[in-house]
Amino acid sequence: MSHATLLIFIAVCALATFATRVIPFVALARQAEHPLILHLGRYLPPTVMMILVIYALRDFRPLAEGQLNAGANGWPMILASLVVVVLHLWRRNALVSILGGTGAYMAMVQLGWAL
Amino acid sequence: MIGFMDIPHRRGDTQGVYLLSSSNAWREAGTLTLPVMFGYLPLGAAFGILAVEVGIPVWAALLMSLLIYAGAGQFLAVALLAAGAGLVELAVATLMLNSRHLFYGLSLLKRFQGAGWRKPYLIFSLTDETYSLLTTLPPERARDHALALRIGLLNQGWWVLGSLVGALIGTTLAFDSRGIEFALTALFIVLTLEQARRLRQGLPFAIALATGLGALLLLPDRHLLLGAIGAASLVLLAHYRLHRHAPRESQP
């Protein structure tokens with residue numbers, strides 16, 4: 001693929017991403033105090049975060065047949081998630097929770113324990 | 001860089017208490033972004049490795065982290081590039097995957113008012129994690145736009161650094177990185193637990209479970225995220241109407 005093709009590809013992706021971030025500020029600049037906006041501002045972030053967890057556990061497979069995801073199915077993912085939850089409830093240290101869970105997952109996947 | 005960011009832009013500052021020296025201010029922001037650093041470094045590295053693996057040059061991987069700056073969005077872009085997808089497909093997929101950012105902006109409309117020259121970057125750098133950090137700040141710091149800018153810059157710094165390291169590892173060493181992408185999942189789990197601790201209400205999580213699992217069963221993978229978030233927004237809209245007992249004219 002040529003440099004020009006790659007640059008156009010990156011530019012389109014960058015513009016589309018920025019659009020999703022800037023549209024509310026342009027389109028709703030006068031509505032900041034509307035009760036519905038405040039309601040969504042309060043409840044939507046935790047809802048989205050939980051949906052992202054479900055999405056990540058189900059679907060975070062950018063290359064379905066790629067090497068990065070070998071064995072990335074089923075139990076290792078669920079068990080590693082439990083490691084994250086338990087570590088975080090216990091120590092409440094984001095670093096410990098993320099490194100612990102990721103380490104557990106990598107160990108399970110790389111040692112070929114994919115049920 | 002540090003001095004130039006800080007000193008001349010303190011007008012209208014009602015928080016004279018926070019006339020920290022520049023290095024202290026950066027150290028404070030650095031401490032706040034520490035958990036994000038430990039998510040972004042491995043995840044950025046996973047992105048860099050993946051990008052190089054499918055044949056994207058190191059400079060282009062770096063450019064993506066500088067100009068696009070969206071975790072899941074960049075993974076998707078790599079997958080689409082590898083699959084030879086067209087530009088329209090890329091634009092639509094990116095818009096749909098990142099449409100959740102629309103809702104983040106909604107709750108920051110008021111907070112970003114008066115951010116001046118910092119505002120474009122604050123909007124550009126609004127990732128899941130930066131949003132979560134900014135909305136977790138104590139109320140008296142909520143309008144500290146200089147702090148928000150430092151948080152945004154540092155977070156993107158971790159992401160770019162991770163991408164660079166990953167791309168270089170991908171080109172030079174044979175590093176067994178299988179499974180490293182789980183860092184993203186772990187980060188989302190941690191952020192969800194933190195949101196639950198802050199809100200102390202079951203409603204959003206019940207809605208997320210219902211719409212998320214419903215979307216899993218009913219929708220193909222590529223529509224899952226937008227479908228679930230769209231459905232959850234509709235449920236929250238209905239909840240808002242019932243809650244107010246005043247179904248007024250149908251305006252957004």
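Chain B holds twelve helices and zero strands. The model is predicted. Along the sequence, chain B reads α-α-α-α-α-α-α-α-α-α-α-α. Of its 252 residues, 44% are buried. Take the contacts in chain B between residues at least 6 apart in sequence: 73% of them join residues at least 24 apart.

Chain A is also helical. Four helices and zero strands make up its secondary structure, in the order α-α-α-α from the N terminus. Chain A has 115 residues, and 40% of them are buried. For contacts in chain A with a separation of 6 or more, residues 24 or more positions apart account for 51%.

How far can the coordinates of chain A be trusted? The mean pLDDT of chain A is 80, and 83% of the residues score at least 70. Confidence is highest in α1(A), at a mean of 93, and lowest in α2(A), at 80. One stretch needs care. Over residues 59–72 of chain A, pLDDT stays under 50. The model still has 30 contacts beyond four places in sequence for this stretch. Where pLDDT is low, predicted coordinates should not be read in detail.

Now put the chains together. The contact involves 65 residues of chain A and 82 residues of chain B. On the chain A side, α1 (3–27), α2 (35–59), α3 (75–91) and α4 (94–110) each supply at least two residues. The most come from α2(A), with 22 residues. By type, the chain A side divides into 50 nonpolar, twelve polar and three charged residues.

Next, the interior. The largest nonpolar core has 100 residues. A:Ile51, B:Ala183 and B:Phe188 have the most contacts inside this core. Helix α2 of chain B, residues 22–53, gives the most to the core, with 13 residues. B:Ala183 is worth a closer look. Leaving aside neighbours within four places in sequence, B:Ala183 is in contact with A:Ile98 and A:Thr102 of chain A. On chain B, its contacts are B:Gly39, B:Pro42, B:Leu43 and B:Ala46.

Two helices deserve a check of their geometry. Start with α1(A). Its 25 residues should span 36 Å at 1.5 Å a residue, and its end C-alpha atoms are 35 Å apart, so the two agree. Even so, α1(A) has a kink of about 40° at A:Arg21, shortly before the proline A:Pro24.

The other helix is α2(B). It has 32 residues, and a straight helix would reach 46 Å at 1.5 Å a residue. The end C-alpha atoms of α2(B) are only 40 Å apart. Where does α2(B) have a kink? The kink, of about 50°, lies at B:Leu34, shortly before the proline B:Pro35. Just after α2(B), B:Gly55 takes a positive phi of about 100°.

Return to α1(A) and its surroundings. Which residues of α1(A) are buried? They are A:Phe9, A:Ile10, A:Cys13, A:Ala14, A:Ala16, A:Thr17, A:Phe18, A:Thr20, A:Arg21, A:Pro24 and A:Phe25. A:Arg21, the site of the kink, is thus listed among the buried residues. The cover over the buried residues of α1(A) includes helices of chain B. Among them are α3 (58–67), α4 (71–82), α5 (87–97), α6 (100–108) and α7 (119–124).

Conventions
Residues numbered from 1 in each chain as written. Chains lettered and ligands numbered in written order. Predicted model: local features only at pLDDT ≥ 70, side-chain atom pairs only at ≥ 80, totals over all residues. Contact = placed C-beta atoms within 7 Å. Nonpolar A, V, L, I, M, F, W, Y, C, P; charged D, E, K, R; others polar. Core = buried A, V, L, I, M, F, W, Y, C linked by C-beta atoms within 7 Å. Buried ≥ 20, exposed ≤ 12 C-beta atoms within 10 Å, placed from the backbone. pLDDT = per-residue confidence, 0-100. Expected span 1.5 Å × (residues − 1). Bend = angle between axes of the 7 residues up to and from the residue.
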